[in-house]
Amino acid sequence: MKKKIVFTLPTLQGGGAEKVISSIALNIDKKKYEVIIVVFDLSGQCYLKNKNIKIINLKSKKVSTGIFNFIKTIRRVNPDILISSISHLNLFISLIKFFLPKKLKLVARESNFLSENIKFQSNYFIMKILYKIFYDNLDQLIVFSQKHKLDIIHNTNINYKKIKIIENPIDFNLINKL
Amino acid sequence: MKYEFQIFGKLNKKGYGRDYYLKLKKIIKENKLTNIRLMGHVSNPEIYLSKSYLQIRLARTNDPYGRDIIEALTMGVPSLATGTYEGIIKNNFNGYLLKTFSTDKIIFLLDRLSKNNHERNRLSKNCIKVKHLFDGTNQIELFEKAIKFAGNRIR
């Protein structure tokens, strides 16, 4: 039986994280997985236009204002795996874990050094504490290097065994065509 | 050598970044800087990157590791970036890393490159030497393994 995967992002506008997630969603084995994208704000999308992939638009400019609609949508779709990218969304998901279906596995992909990201948050201390309390609610965290892994361990409470290193990838077939 | 600068990225005409966008536009117009072009967001940056002499990638955050840097590297285009993480750009090997933003240093490096074409070729060759590290052909497989691993964990 196919596993249902939901990929979620704040937007699908241009950006590295959006590009990586779009690429994975498009290329993942569709015989094994049913793929759905849940995006908070679909306006200005770049990478999945006219692609044969189901997208649910929550029509919310901010993650914080769309979070209840997000919970409702995830409960309705009832996926096996939820994959998110962008650290503030990853944090939100780890916070709301207990409102999501019990069978759901949470996989997050961290695209930046958390120590640098937190610096620019307006509520620096609160965010720092939340990462220290809730990040271990994730079932798996994907980072791009050993140094990145250490940064995550230093700034969150996640069990290091849940962290997997996958280098930021490049589509060599595309590059070679240029 | 006279450089042509193409500035990419979302510079909103409305809302966030609007003032900065207008300021840049005004400076370009007032000084008749015909060699600077505001390109906005492009969905296929690889095409522009592949034709570039150098990528200048400045950021407030210490993040010289974005996709744009890796993409440029795999095409043999060196980057000049701010930050300290040497996982991708190794200073003076396959690009330049500035610990902190400095206009003087950037001008100095651009001047150095323009006077010595071998320097750019050296950086470019070193980019190609390490590009295999970022081959994404097995990325989906690795991702599927990670998903499987998460699925096997007991909550």
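Q: Before we start, where do the domain bounds come from?
A: Domain bounds come from an automatic or database domain assignment. Also keep in mind that this is a predicted model.

Q: Okay, so how is chain B divided?
A: Into two pieces: domain 1 covers 1-43 and domain 2 covers 45-149 of chain B.

Q: How many Å separate their centres?
A: Going by C-alpha atoms, the centres of domain 1 and domain 2 of chain B are 22 Å apart.

Q: And how many residues are in contact between domain 1 and domain 2 of chain B?
A: Five from domain 1 of chain B, which meet four from domain 2 of chain B. On the domain 1 side of chain B, that touching set has four nonpolar residues, one polar and no charged ones.

Q: What about secondary structure, how many helices and strands does chain B have?
A: Six helices and five strands in chain B. Starting at the N terminus, the order in chain B is β-α-β-α-β-α-β-β-α-α-α.

Q: What does the C-alpha trace of chain B span?
A: About 65 × 45 × 30 Å along the principal axes of chain B.

Q: What share of chain B is buried?
A: 25% of its 155 residues. As for contacts in chain B with a separation of 6 or more, 49% are between residues 24 or more positions apart.

Q: Switching to chain A: which residues of helix 3 are buried?
A: Helix 3 of chain A runs over residues 87-95, and its buried ones are Ser87(A), Asn90(A), Leu91(A), Phe92(A), Ile93(A) and Ser94(A).

Q: What covers them?
A: In chain A, the cover over the buried residues of helix 3 includes helix 2 (63-77), helix 4 (114-119) and helix 5 (124-134), along with strand 4 (81-85) and strand 5 (105-109).

Note on methods
Residues numbered from 1 in each chain as written. Chains lettered and ligands numbered in written order. Predicted model: local features only at pLDDT ≥ 70, side-chain atom pairs only at ≥ 80, totals over all residues. Contact = placed C-beta atoms within 7 Å. Nonpolar A, V, L, I, M, F, W, Y, C, P; charged D, E, K, R; others polar. Helix = DSSP H or I, 4+ residues; strand = E, 2+ residues; numbered from the N terminus. Buried ≥ 20, exposed ≤ 12 C-beta atoms within 10 Å, placed from the backbone.
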